[in-house]
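Welcome! Have a look at the model below, then work through the exercises with us, one step at a time.

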Amino acid sequence: MRKPKIVILGAGYGGLMTATQLQKSLGVNEADIVLVNKNDYHYETTWLHEASAGTLHHDRVRYDIRSILDRNKVEFVHGTALEVKTAEKIVVLDNGEITYDYLVIALGAESETFGIKGLKEYAFSIVNVNAARQIREHIDYQFATYNTEEVKNDERLTIVVGGAGFTGIEFLGELTNRVPELCKEYDIDPHKVKIYCVEAAPMVLPGFDPELVDYAVAKLEKKGVTFMIGTAIKEATEEGILVSKGEDEVELIKAGTVVWAAGVRGNSIIEKSGFEAMRARVKVEKDLRVSGHDNIFIIGDCALIINEEINRPYPPTAQIAMQEGITCAKNLVALVREKTELETFVPDIKGSVCSLGHDDAIGLVFGKKLVGTSASFMKKVIDNRALFMIGGPSLVMKKGKFKFF
């Protein structure tokens, strides 16, 4: 009897959790499991803001995928998924094709520019390890170049961060810790450095507890961040950004560095493959399968799951992606073993913590508000727990965060 073939696209939080759970639950003779990823490493997306600011080396945020796989049970394919042909049960890769009986689409998000002119050309996005390295190196270059020029260009030292959501605020927290080090290293007056956070929405960290948000804003302002809330970026240019100042009026903010951190969408493969979607996110059934495709699961950034209490989608967080991976794996095991009852995915939101640098954070954990070092400690505990859930104690010892204060 032929073994069913399970193909998992993407080795992010959801995809890796699915793969590692399957290798624990299924025997060698029960199924062929294939994990496809464009890189041979997994990177901690929630750590990229640190690598981008230069407070954490980029190699610390990634690890070899094969190191946590059982090679006897899971085959790793190094390739980029381009399209899913659902009728033929084929995934088209950049280096070939792969067939499947069951498919898990766990591909990560892509940056969403909302059609703003010039962002793709003139702004950086915190989307992967190489992008994070580019941002860090670009900022370093601007500071290193400043004092070598005969005519000083203060705009080199101006940094604009577009977006006051999680990614933007966490990046600002790391950046404001790094800037004093850069100023000391390159003999620059810290007062020359200007940091702006521009957000079109009327608030910072929407959905977060207002008291905690006030704490975060006050801390970042004290470290030199100027917030421009309720201000839309109209265009990015070679000189900086154009922001709205009224109905027909715009203002140019000259900046040597523009980092866009204001939006993500699902992976473009979703639309190329013909799935019905909103911003490349598919509204999945309660068992995480795609309506009309009982052999395809979508989890992580490409999945749209509605929180019925507020009638809004759950945010595409690592916490939810990992929980989806666990449920997805259980349901795949059930299907392989020809069981009809599948588990309903119910998110268990234990809390949320937003870092403001390595030694500061805000959070709401198990209903309790945390700020400062206690919140920062909890953030590192959460990071280490994620490593443990996927790779066990050995991965925690290799990549974990132990500088708690």
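**Exercise 1.** Decide whether threonine 18 is buried or exposed, and find where it lies.

*Solution.* Begin with the cut-offs: buried means under 20% relative accessible area and exposed over 50%, with partly exposed in between (1.4 Å probe, protein chains only). Threonine 18 has 0% relative accessibility, so it counts as buried. Next, place threonine 18 in helix 1, residues 13-25; helices are DSSP runs of H or I with at least four residues, numbered from the N terminus. Finally, list its contacts (heavy atoms within 4.5 Å). Beyond its neighbours within four places in sequence, threonine 18 touches Ile8, Val104, Ile299, Gly325, Cys328, Ala329 and Leu332.

A word on the source: this is a predicted model, where local features need pLDDT of at least 70 and side-chain atom pairs pLDDT 80 or more, while totals for chains, interfaces and linings use all residues. Residues are numbered from 1 along each chain as its sequence is written, and side-chain values use heavy atoms, leaving out hydrogens and water.

**Exercise 2.** Check the span of helix 4, residues 129-146.

*Solution.* The expected span is 1.5 Å times one less than the number of residues. For the 18 residues of helix 4 that gives 26 Å, and the end C-alpha atoms are 26 Å apart, so the two agree. Now look at the N-terminal end of helix 4: asparagine 128 caps it, with a side-chain oxygen 3.2 Å from the backbone nitrogen of asparagine 130. Last, pick out buried residues of helix 4, among them Val129, Ile135, Phe143 and Tyr146.

**Exercise 3.** State what share of the protein is buried.

*Solution.* Of the 405 residues, 54% are buried.

Technical notes: Helix = DSSP H or I, 4+ residues; strand = E, 2+ residues; numbered from the N terminus. Polar contact = N/O pair within 3.5 Å; in protein donor to acceptor, adjacent residues only side chain to side chain.
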